[in-house]
Amino acid sequence: MKLLGAVEAGGTKFVCGIGHEDGTILERVSFPTTTPEGTMEQVLDYFRDKPVEAIGIGSFGPIDPIPGSPTYGHITTTPKPHWSHYNIVGTMQAAKGCKVGFDTDVNGAALGELRWGAARGLDNCLYITVGTGIGAGAALGGGLIHGLSHPEMGHILLRRHPDDTYEGICPYHGDCLEGLASGPAIVKRWGVSNGADLPPEHPAWEMEAYYLAQALMNYILILSPQKIIMGGGVMKQSQLFPLIADKLQTQLNGYIQHPSLREHIGGYIVPPGLGDNAGLAGALALAEAALRG
């Protein structure tokens, strides 16, 4: 089987690995995301002696994933310090000389989950990560959504929770979804060092579910995904899944009459089938697509 490389380029850490085109991951390493120069030195050092035929990069964004664009392969207007307008694909290609698949980390994870994970056997799915930031990717018919660029579903606007006076943390929009419901927003709003320190019955989680359910309602009405997969550090709080499901049903108010949203919602909104490997497996899927393309 072909040996492929994978890079899950996260805002907090980079995960690198090698695997096969069936999604099998053979090994993985990770290290903190620092400056582009320092981080990519470790990435390139990892792949230096790996005879991979292609490498997939699933990156935090915004990015430019449109081939032929002057800034294709760049991380663009990210709030992550030092990374704006960084040519991550060009750096990788110059060092390895192989094909490089490139997309957002959430698009990659959506593709990986559709092929090998919780959405295997379906035509489409939505993957959402809720952590340092919030992003979502949609895989449709084995492909990914692109247009002017890629979807930025983490920055939609929502109705505020009646008890929420927090101004929001997003440097671009303030109180968008990411500004109100990301991990750093939870920390700032409630004055804790780590949101995971809040007990399951804390009102933070009811408020979090209120915002995330609104987002899911919007995505369902626009994209009608067959499965919604929710990952990221915040979603390690397993009590969020039933809370989100309950609030989503309330907000939809019976408008969409489908068994997945009424009788079987517990199997419709699920954690990643690939677990913590969703992002890395997604990058493998991007590498495999680059090799085929």
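Arg160, Asp164, Asp175 and Arg189 are linked in a network of salt bridges, a salt bridge being a side-chain nitrogen of Lys or Arg within 4 Å of a carboxyl oxygen of Asp or Glu. The model is a predicted one, in which local features need pLDDT of at least 70 and side-chain atom pairs count only at pLDDT 80 or more, whereas totals for chains, interfaces and linings use all residues. Residues are numbered from 1 along each chain as its sequence is written, and side-chain values use heavy atoms, with hydrogens and water left out.

A search of the whole structure finds ten salt bridges. Within the network, Arg160 pairs with Asp175, and the closest N and O atoms of this salt bridge are 3.4 Å apart. Both Arg160 and Asp175 are placed in the loop between E10 and helix H4 (177-181), and the pair, whose members are 15 residues apart, links distant parts of the chain; helices (H or I, at least four residues) and strands (E, at least two) are DSSP runs, numbered from the N terminus. Arg160 counts as partly exposed because its relative accessibility is 30%, and Asp175 counts as partly exposed at 28%, where buried means under 20% relative accessible area, exposed over 50%, and partly exposed in between (1.4 Å probe, protein chains only).

Asp164 forms a salt bridge with Arg189, for which the closest N and O atoms are 3.0 Å apart. Because Asp164 lies in the loop between E10 and H4 while Arg189 belongs to helix H5 (residues 183-190), the pair ties together parts that are 25 residues apart in sequence. Asp164 is buried, with a relative accessible area of 8%, and Arg189 is likewise buried, with a value of 17%.

A further salt bridge joins Arg292 to Glu288, with the closest N and O atoms 2.8 Å apart. These two residues are four residues apart in helix H9, so about one helical turn separates Arg292 from Glu288. Arg292 counts as exposed at 60% relative accessibility, whereas Glu288 is buried, with a relative accessible area of 10%.

Helix H9 also appears in the description of the second largest pocket, since H9 supplies the largest share of its lining, six residues. About 300 Å³ of space lies in this pocket. On a 1 Å grid over the protein atoms alone, a pocket is an open set of points with protein on both sides within 12 Å along at least five of seven lines, as opposed to a cavity, a set of points where a 1.4 Å probe fits but cannot get out; lining residues have an atom within 4 Å of a point. Grid points are joined across faces, edges and corners, and the volume is the space filled by probe spheres set on the points. The second largest pocket is lined by 19 residues, and Asp103, Leu144, His146, Leu286 and Ala289 are those that lie nearest its centre. Strand E7 (99-104), helix H3 (105-116), strand E10 (143-144) and helix H9 (278-292) each supply at least two residues of this lining. By class, the lining has eleven nonpolar, four polar and four charged residues, where Ala, Val, Leu, Ile, Met, Phe, Trp, Tyr, Cys and Pro count as nonpolar, Asp, Glu, Lys and Arg as charged, and the others, Gly among them, as polar.

On the surface, Leu221, Ile222 and Tyr255 make a nonpolar patch of about 400 Å². Patches are made of residues with over 30% relative accessible area and no salt bridge, like charges being joined within 9 Å and nonpolar side chains (Val, Leu, Ile, Met, Phe, Trp, Tyr) within 5 Å; the accessible areas come from the Shrake-Rupley method with a 1.4 Å probe, and for residues only the protein chains shown count as cover. Ile222 is placed in helix H6 (residues 203-223) and counts as exposed at 70% relative accessibility.

Ser224, in the loop between H6 and strand E11 (228-231), has a phi near 50°, a positive value in a residue other than glycine, and Ser224 is exposed, with a relative accessible area of 52%. A positive phi, near 80°, is also found for His82, which lies in the loop between E5 and strand E6 (86-87) and counts as exposed at 62% relative accessibility. Gly61 and Pro62 are joined by a cis peptide bond, with omega about 0°, and Pro62 is placed in the loop between strand E4 (54-59) and strand E5 (74-75).
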